[in-house]
Amino acid sequence: MDAKFSYKGFEFNGISEGGIRTSIGVPRFKLMFDIGSIHPDRIHFENLLLTHGHLDHSAGIPYFVSQRSLQKLKPANIYVHESVFEPLNRILKIYSEMEGFDYPECLKIARENEPVELSKNFFFKPLKTFHRIPSQGYTIFEKTKKLKSEFSGFSDREIMQKKIEGESVTEDKDVPMVSFSGDTKIEYVLEHKDVAESKILFLECTYIDEERNVERARLWGHIHLDEIVAYANEFKNEKIVLIHFSKRYSFKYISEMIRKKIPKILSDRIHLFLPERNYVGARRENA
Ligand SMILES: [Zn+2]
Ligand SMILES: [Zn+2]
């Protein structure tokens, strides 16, 4: 049962349960963030952006590689943190031996801040996250052109004239469109401007109440709802999609806590990435 979210031409579907499984697909780029659960309809997505090696995010990799081989699809691009590259290659080699056929090479090290092309107008960059093992989130950027600041007061006609005179009136601007946190402490938002300014931010929020408090969340490299509340002013995003809630909470309880705790400044922008059928009583605002 998938959860869904869409905004500004971006569509996301998948599932995210803290410590159990996380995998979210973006059909537009034939891309998945993590593969802690396997969806047969997403085997043909050729790009997998892995945040870290914990099994609730990575368990589906051998199956994904094997299925693509059997279905004669071209080798996937599986982007990983450099610490994951060698052990994961070993795992894939063992599975390949066990299955009795060769797997293609498909792991690629994605290094912090180094852009990787997705399409003509989009690329992504890994940005450091703050978890218990080496990890990284991913930000997808759109390459746009904006008017140079020196022409900001000009009328359309004046700008047209400048163009006719051969002046270049625009400059390139890379706009952060989507950020995906994987597992992290709140520093992921506080230390990366591109994350805090992404139009859409998929952010983990593993714990939400006092029984598992902020201190404990931080100890385990996670975010507590109270921190999102405390740092509400830092979020410049148009939409913040919360993922990775602990399975100890019911959907109803999550919705109640969000309604109770989230301040007005965030309430219109917060969305819970939960399957619709069980989604009781919370706002459901897909613009
Ligand atoms: Zn996790
Ligand atoms: Zn983790």
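Two strands pair if DSSP finds at least two bridges between them. Strands here are DSSP runs of E with at least two residues, and helices are runs of H or I with at least four, numbered from the N terminus. The model is predicted, so local features need pLDDT of at least 70 and side-chain atom pairs count only at pLDDT 80 or more, while totals for chains, interfaces and linings use all residues. Residues are numbered from 1 along each chain as its sequence is written, and chains are lettered from A and ligands numbered from 1 in the order in which they are written.

**Exercise 1. The open sheet**

Give the strand order of the seven-stranded open sheet, and find its edges and the residues that face each other across β10.

Step 1. The order is β8-β9-β10-β11-β12-β13-β14, with mixed pairing.

Step 2. The edges are β8 (116-117) and β14 (270-272); each has a single partner strand, so one side of each has no neighbour in the sheet.

Step 3. On one flank of β10 is strand β9 (residues 122-128), which pairs with β10 in the antiparallel sense over seven bridges. Here K128 stands opposite Q136 of β10.

Step 4. Strand β10 (residues 136-147) also pairs with strand β11 (residues 170-180), again antiparallel, over 10 bridges. Two facing positions can be named: F141 is opposite P176 in β11, and L147 is opposite T170.

**Exercise 2. Two helices that cross**

Describe how α2 and α3 pack, by angle, handedness and contact residues.

Step 1. Two packed helices are described by the angle between their axes and the distance between the axes. Axes are lines fitted to C-alpha atoms, for helices over the stretch in contact, and angles run from 0 to 180 degrees between N-to-C directions.

Step 2. The axes of α2 and helix α3 (residues 82-99) come within 10 Å and cross at roughly 50°. That makes α2 oblique to α3; angles under 35 degrees count as roughly parallel, over 145 as roughly antiparallel, 65 to 115 as roughly perpendicular and the rest as oblique.

Step 3. The crossing is right-handed, meaning that the near helix is turned clockwise from the far one by less than a right angle, where anticlockwise would be left-handed.

Step 4. From α2, residues I61, P62, V65 and S66 meet L88, I91, L92, Y95 and E99 of α3. Contact requires C-beta atoms, placed from the backbone, within 7 Å.

Step 5. By class, this contact has seven nonpolar, one polar and one charged residues. Ala, Val, Leu, Ile, Met, Phe, Trp, Tyr, Cys and Pro count as nonpolar, Asp, Glu, Lys and Arg as charged, and the others, Gly among them, as polar.

**Exercise 3. Buried or exposed**

Decide whether T22, K72 and N113 are buried or exposed.

Step 1. A residue is buried if 20 or more other C-beta atoms, placed from the backbone, lie within 10 Å of its own, exposed if 12 or fewer, and partly exposed in between.

Step 2. T22, in strand β3 (residues 21-26), is buried because it has 28 C-beta neighbours inside 10 Å. Beyond four places in sequence, T22 touches S16, D34, G36, D56, H57, I243 and H244. T22 and H244 are 222 residues apart along the chain, yet their C-alpha atoms are separated by 7.2 Å.

Step 3. K72 lies in the loop between α2 (61-70) and β6 (77-80) and is exposed, because 6 other C-beta atoms lie within 10 Å. Its phi is positive, about 55°, although K72 is not a glycine.

Step 4. N113, in the loop between β7 (107-109) and β8, has 12 C-beta neighbours inside 10 Å and therefore counts as exposed. N113 is another non-glycine residue with positive phi, near 70°.

Note on methods: Two residues are in contact if their C-beta atoms, placed from the backbone, lie within 7 Å.
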